[in-house]
Amino acid sequence: VTDDATRTLGKGSAPPGPVPEGLIRLYSMRFCPYAHRTRLVLQAKGIRHEVININLRNKPEWYFTKHPFGKIPVLENSKCQLIYESVIACEYLDDAYPGRKLYPCDSYERARQKMLLDLFYKVPHLTKECLIALRCGRECADLKLALRQEFCNLEEILGYQNTVFFGGDCISMIDYLFWPWFERLDVYGIADCVNHTPALRLWIAAMKQDPTVCALLIDKNIFLGFLNLYFQNNPDAFDYGLSC
Amino acid sequence: MSGGSARSLGKGSAPPGQVPEGLIRVYSMRFCPFAKRTLLVLKAKGIGHEVININLKNKPEWFFKKNPFGLVPVLENSQGQVIYESAITCEYLDEAYPGKKLLPDDPYEKACQKMVFELFSKVLTNKKTTFFGGSSLSMIDYLIWPWFEWLVALELNEYVNHTPNLKLWMEAMMKDPAVSSLFIDPKAFRGFLDLYLQNNLEACDYGL
């Protein structure tokens, strides 16, 4: 059971109090890939944190004081400082907290990871469109082709570098920033999009061995339960699978 | 002499040699606002550099080996390391070179600058939708428009050619009845601006 296994807050909920010192708070949703990035970094760096899940279909009024458009993820610290945009939040955590650095120390290597992130920018949109098309019973051959092309580009990088991970022989920030969408390929029904990219499949296998990734792996049946309710526009979707 | 005013290299040109030690090279174009960002940081930090201007209308084949996207700015150092995307080049220079830091040290202050930059980039690239609020014109478009109208009035709108989505947005805006009925006449605007800059009290009534 991960530490974000709590019911969402929706309209009419009381705003949470200030963040206690020594903790950082993450506004999240258990199935959101962007928030997943931030949860991976919090886990990887062993940062003490609390999670407040937001009902994205029924957002609390107070949440718009945390983010102007009510998006997640958002970090809030005990100084009432707010940080949003998943990549910015992840970098903030790496900068602000001691211990293991997820971005490389070398400035060129850091720049390279940021350039790699640019290569990834079409993947979230394409995977989401495939999911929607499949769930609505529509054809998505064109979308899958486009996604496969993006994966080919990533495959080329791994081939050129001849490393297991995108940042080298050890897992680093860029791998965590990519991971959430690859974890979702299977449950979205598009796992065959990596059929022609062996290095990428090896990377996926290596990622599944990482303790941080493993600690946050989402149970397939629970995810499917969430997706079923979500596509029926059921506002309880976001709390699917919670025991309490 | 940084060579910022050198003629651009185009198709058929010989690829430049290795970057001399102690210098960093920037592939640029004199009128590109994205490349301007990198030049500003190089200057602000006093970083020794050389400039190679690229003919963006007739790109040299070798340039795609530097940046597969074929865009400027691109940095290349004496170790042959290449960095592209304007914001990434700027951050790299700030980290790799000593002297005055342009990005704040405090992680939160640094994150704030990046959040503002993201918002600004969304205005510039406008990747997702035709108008800033969605598929039809709405309040946010009217709120942003006046500054872009200035570009048209000053006949500077050529510069949005680098940001095609923004150019499309401007063209769509100029078709809007409210925008076109209130459109500033370029001559009148220039007249106003001339007088205004001379602190002439009649500036505001120019043309009446």
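The second largest pocket of the predicted model has a volume of about 620 Å³. Its lining comprises 17 residues. Those nearest the centre of the pocket are R112(A), I157(A), Y160(A), P68(B) and Y84(B). Residues of both chains are thus found in the lining. Four elements each supply at least two lining residues. Chain A provides helix 3 (107-119) and helix 5 (141-161). Chain B provides helix 2 (63-66) and strand 4 (82-84). By class, 10 residues of the lining are nonpolar, 3 are polar and 4 are charged.

The contact between the two chains was examined next. Chain B contributes 20 residues to the contact, and chain A contributes 19 residues. The area buried between chain B and chain A is about 1,900 Å². Carbon and sulfur atoms account for 66% of this area. On the side of chain B, I88(B), Y108(B) and M115(B) stand out: they supply 28% of the area that chain B buries against chain A. No other three residues supply more.

Charged pairs also cross the interface. In total, 5 salt bridges are found between chain B and chain A. The side chains of E91(A) and K114(B) form a salt bridge, with an N to O distance of 2.9 Å.

An annotated domain was then located on chain B. The UniProt record, an unreviewed entry, places the feature "domain: GST N-terminal" at residues 22-101 of chain B. Over residues 22-101, chain B is 34% helix and 21% strand. The end C-alpha atoms of this stretch lie 20 Å apart.

Notes: Residues numbered from 1 in each chain as written. Chains lettered and ligands numbered in written order. Predicted model: local features only at pLDDT ≥ 70, side-chain atom pairs only at ≥ 80, totals over all residues. Heavy atoms only, no water. UniProt positions renumbered as here; feature names shortened; annotations may be inferred. 1 Å grid on protein atoms, 1.4 Å probe; cavity = no way out; pocket = protein on both sides within 12 Å on 5 of 7 lines; lining within 4 Å. Points joined across faces, edges and corners; volume = space filled by probe spheres on them. Nonpolar A, V, L, I, M, F, W, Y, C, P; charged D, E, K, R; others polar. Contact = heavy atoms within 4.5 Å. Buried area = accessible area lost by both parts, 1.4 Å probe. Salt bridge = Lys/Arg side-chain N within 4 Å of Asp/Glu carboxyl O.
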